[in-house]
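Biologist: I am new to this structure and would love a close look at one part of it. Could you walk me through the sheet and the helix that goes with it?

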Amino acid sequence: MHKSIPINHLQSPPSPTPDITKVLTSFIDELKSLVNPLISLLTQVISSILNKKNENNSYTNQSLSIILFNANGLKNHVNEVQTVLYDKRIDIALITETHFTKHSYISIPGYSLLKSNHPDSTAHGGVALIIKSNLKFHSLTNFCHNYIQACAIKISLNNIPFVIAAVYCPPRHYLTNNDLNNYFGTISNNFIVGGDYNAKHQS
């Protein structure tokens with residue numbers, strides 16, 4: 001005797017509904033694998049273009065932050081100077097009365113140091129420039145005399161070349177017009193010269 005079996009008992013079970021979250025996750029992962037290399041390549045191209053532009057036009061269309069500080073012995077104030085440079089994002093510091101000798105040196109990370117000492121090589125007078133490392137410049141010959149010590153660089157800002165200098169004039173020397181002409185004749189017409197001239201009012 002044969003027993004009939006309902007047809008619906010012979011059908012395969014329905015396929016499970018796909019997990020939409022897993023499908024989307026898989027799709028996004030595949031998309032990332034295609035897009036991320038393109039983003040990386042584009043970033044490298046843009047960075048290369050910007051670096052090339054900065055090489056050709058250092059500090060074009062930008063400004064500079066400059067400070068002047070009479071140190072009366074720079075080695076004793078390195079931490080103070082470094083704090084100000086970092087906090088105020090200073091580009092160039094003009095320092096007078098460094099009291100450096102040929103053996104003196106300081107180091108501030110992210111900055112370069114140029115100095116012009118007193119010509120007698122003892123620890124008094126003298127000037128220095130502390131310059132942010134990413135600023136392109138050309139150092140000029142130091143002006144080093146008993147009556148004036150000066151340190152200068154030439155840079156370009158907004159495609160205009162000019163000189164930035166720190167100057168110190170010891171008080172025991174009486175500066176004449178000829179002395180000043182001798183110094184200012186060594187720099188260009190476009191300049192920023194900051195320092196301690198020890199210029200006392202005569203009245």
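Modeller: Happy to; here is a tour of the sheet, then of the helix. Please keep in mind that this is a predicted model. The sheet is open and has four strands, in the order β1-β2-β4-β3, with mixed pairing. At its edges lie β1 (66–70) and β3 (111–116), each of which pairs on one side only. On average, neighbouring strands are turned by 15 degrees against each other, direction ignored.

Let us look at one pair of strands. β3 runs antiparallel to β4 (residues 127–132), and six bridges join the two. Within this pair, Y111 stands opposite K132 of β4. In general, strands of a sheet pair through backbone hydrogen bonds, in either a parallel or an antiparallel way.

Now for the helix. α2 (residues 78–87) packs on the sheet and touches β1, β2 (92–96), β3 and β4. The direction of α2 makes about 165 degrees with that of β1.

Which residues of α2 are buried? They include V78, V81 and L85. These three sit on the same side of α2, because they cover an arc of only 65 degrees around the axis. The cover over the buried residues of α2 includes β1, β2, β3 and β4, the strands that α2 touches as it packs on the sheet. On the other side of α2, N79 and D87 are exposed.

Finally, follow the chain just past the end of α2: there R89 takes a positive phi of about 55 degrees.

Definitions and conventions. Residues are numbered from 1 along each chain as its sequence is written. This is a predicted model: local features need pLDDT of at least 70, side-chain atom pairs count only at pLDDT 80 or more; totals for chains, interfaces and linings use all residues. Side-chain values use heavy atoms; hydrogens and water are left out. Two strands pair if DSSP finds at least two bridges between them. Axes are lines fitted to C-alpha atoms, for helices over the stretch in contact, and angles run from 0 to 180 degrees between N-to-C directions. Contact means heavy atoms within 4.5 Å. Buried means under 20% relative accessible area, exposed over 50%, partly exposed in between (1.4 Å probe, protein chains only). The arc is that of the directions from the helix axis to the C-beta atoms.
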